[in-house]
Amino acid sequence: MRQLNKLIEHIAKRVNVNLREPLVDVGPYIKDLIPRDGFALYYAFYSLTNNHPLMFNFRHSSIGGTYFLGKCKVNHSILYKSDIRGDELKRKGSIVEINGQKLKLRDDEVIKIRDSFLMKTLVHNNSHDPENLECFKISNTVSLHYANIHGTSVEGCFLEPFSSADLSIFHDCAVGAYSYVQAGELSHKRIKAGRVWVKADGAFEFNYQYPEEILAKYIRMENHRPKGILMDFFDERKEDFVPIYSSVKPENMLEIPEGASVSPYAVIKGNCKVEKNVLVAQRSYIENSILGPGANAQENCYIINSVYEGNDVTAHGGKVIHCRLGQQVFVGFNSFLNGKENAEIEIGAGSIIMPHTIIDTAEPVIIPDNSLVWGYISKQEDLEMHSIPLSDFAALKGQFRLGNMTFEGIGAKFVDGFRHRIEHILEANGAFWDGTEETAGHSQQTQDISFNILQPYPEGELQGLYPELTIDPLVPSDL
């Protein structure tokens, strides 16, 4: 255990050096965050398929409970029950267009994690850093409970619980709890908790700020530890994952139709049904719900007592309870749609629920078709200040304010960008698969998945660390 303690101290020092501006000391956040016996209690697993290049390397690291897929390297880091998904990493020979210039990749892209502490964090997609096209880099970074690092290179950063760093490049930034940031390249920024910020230079900028008194009910930091309704929601259900993560090869009793994929490491409870081309990722949770054709539930998603009509996207960390979703509804990262048995949420077809939206109902809420929704909603009248028809939003030019939301720029570019991204997610997940290889996506390409189980040193000076390992078909192995 002595070596593990030294590693935690090493990571804290490396991150703090980068966070001189803004000034943050990450030491109190990560010290004793994970129970000491927890490091050696959980195995990690590296996923193998015929569709993803094989390469995995780690040294002097602890990776308890973490899921890996695709080409990954982990050095001098702690990853605890995180998800490192490299299924959309760029491939050698791919053509990438940046600022009108077309570039050909020299090598397969690799996720490289170094000197970092990722606690129950989702890492996915590929790098949007034009200077590191073959490397999705995470270095000198601390990321806490249920944060998302998506298509984002982060260097010297601190992400508080339920924050999302999306499609950007972050240098020496601190992102507050429940903030969502998609704003290009940022350096030495401190993002206030509860900010939803979407920016594209020269096109638009969307901003929403949660009132502090509302945000504190759902997520806040007390003595460097996360508290609130969101943490309680996860804690109340974490025991449901114990049986499946205690088995080397858990079995799923759900009937799975052609073209659909349900991870054996997802929780399925009660009366559930999935239809063709559905994707249910590992660490998702489905209870008494129906997922129509092409719908998906990504990592850390919870779908409870709900119905999806089809081609619906629940992005990483979305929680959907007592809801009915029409066709092609998008529920953004870490949203909390908490309907009740007598106060359900109905979301019309084609609607976009912005990332980090909270709908916690005190009465039934009905959202019309093709709506854009954001912020905090508890009753029907709240939609007047927290939603707008997508057609009206697309017509915006210049400055616009509605409640705590401000927008500046060209609304059509904002709406078109979201619609294009939703279409890409559906295509990538195989929602439109018609039996041909050309339309296959993650739902079809992961049906042959198998898992390499990785175990740590159980005791002694190295307790909690994992033996150094390299899996690479191009490199001779000592194993």
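A charge is said to sit over a ring when NZ of Lys or CZ of Arg is within 6 Å of the ring centre and within 35 degrees of the ring normal. With that criterion in hand, I begin with R195, whose charged end sits over the ring of W197, 3.9 Å from its centre. A second case involves K81: its charged end lies over the ring of Y42, at 4.0 Å from the centre. I should state at once that the model before you is a predicted one.

Let me turn to the aromatic rings. A pair of such rings is described by the distance of the centres and the angle of the planes. Searching the whole structure gives 36 aromatic pairs. I have chosen two of them for discussion.

One is the pair of Y29 and F158, which is tilted, with 4.7 Å from centre to centre and 55° between the planes. This pair connects distant parts of the chain: Y29 belongs to helix α2, residues 27-30, and F158 to strand β16, residues 158-159, the two being 129 residues apart. Are these two residues buried or exposed? Both Y29 and F158 are buried.

The other pair is F233 with Y302, and its geometry is edge-to-face: the centres are 5.2 Å apart and the planes make an angle of 70°. Here too distant parts of the chain are linked, since F233 is in helix α4 and Y302 in strand β34, 69 residues apart. F233 has a relative accessibility of 7% and therefore counts as buried. Y302 is buried as well, its relative accessible area being 4%. Both residues also belong to a cluster linked by ring pairs, which consists of Y146, F162, Y218, F233, F234, F241, Y285, Y302, F336 and Y376.

F233 brings us to helix α4 itself, residues 229-237. Its buried residues are L230, M231, F233, F234 and R237. Viewed down the axis of α4, these buried residues fall within an arc of 155°, so they line one face of the helix. What do they pack against? Their partners are helix α3 (212-218) and the strands β26 (225-227), β31 (285-287), β34 (302-304), β37 (319-321) and β40 (336-338).

One polar residue deserves mention in connection with F234. N300 lies in the loop between β33 (296-297) and β34. With a relative accessible area of 8%, N300 is buried. Leaving aside residues up to four places away in sequence, N300 touches K120, Y146, F234, Q282, R283, S284, G317 and G318.

Next, the nonpolar cores. In soluble globular proteins, nonpolar side chains tend to be buried together. The largest nonpolar core in this model has 58 residues, and F206, M354, L372, W374, F393 and F414 are the ones that touch the most other members. Helix α8, residues 411-428, gives the most to this core, contributing six residues. As for L372, its contacts, not counting residues up to four places away in sequence, are I352, M354, H386, S387, I388, L390, F393 and F414. There is also a second, separate core of 35 residues, which includes I113, A147, V181 and L454.

Helix α8 merits a closer description. It has 18 residues and reaches 26 Å from its first C-alpha to its last, close to the 26 Å expected at 1.5 Å a residue. Buried in α8 are G411, F414, V415, F418, R421, I422, I425, L426 and A428. Just after the helix, G430 takes a positive phi of about 80°.

That leads to my final topic, the backbone. Most residues other than glycine have a negative phi, and most peptide bonds are trans. Where, then, is a cis peptide bond found? E21 and P22 are joined by one, with omega at about 5°. P22 is placed in the loop between α1 (2-18) and α2.

Two residues other than glycine have a positive phi that I wish to report. For H60, phi is near 45°, and the residue is in the loop between β2 (56-59) and β3 (67-69). H60 counts as partly exposed because its relative accessibility is 23%. For D172, which is not a glycine, phi is positive at about 55°. D172 lies in the loop between β18 (169-171) and β19 (174-175), and it counts as buried because its relative accessibility is 14%, buried meaning under 20%.

Methods
Residues numbered from 1 in each chain as written. Heavy atoms only, no water. Buried < 20%, exposed > 50% of the residue type's maximum accessible area, 1.4 Å probe, protein only. Helix = DSSP H or I, 4+ residues; strand = E, 2+ residues; numbered from the N terminus. Arc of directions from axis to C-beta. Contact = heavy atoms within 4.5 Å. Phe/Tyr/Trp six-rings, centres within 6.5 Å; stacked < 30°, edge-to-face > 60°. Core = buried A, V, L, I, M, F, W, Y, C linked by side-chain atoms within 4.5 Å. Expected span 1.5 Å × (residues − 1).
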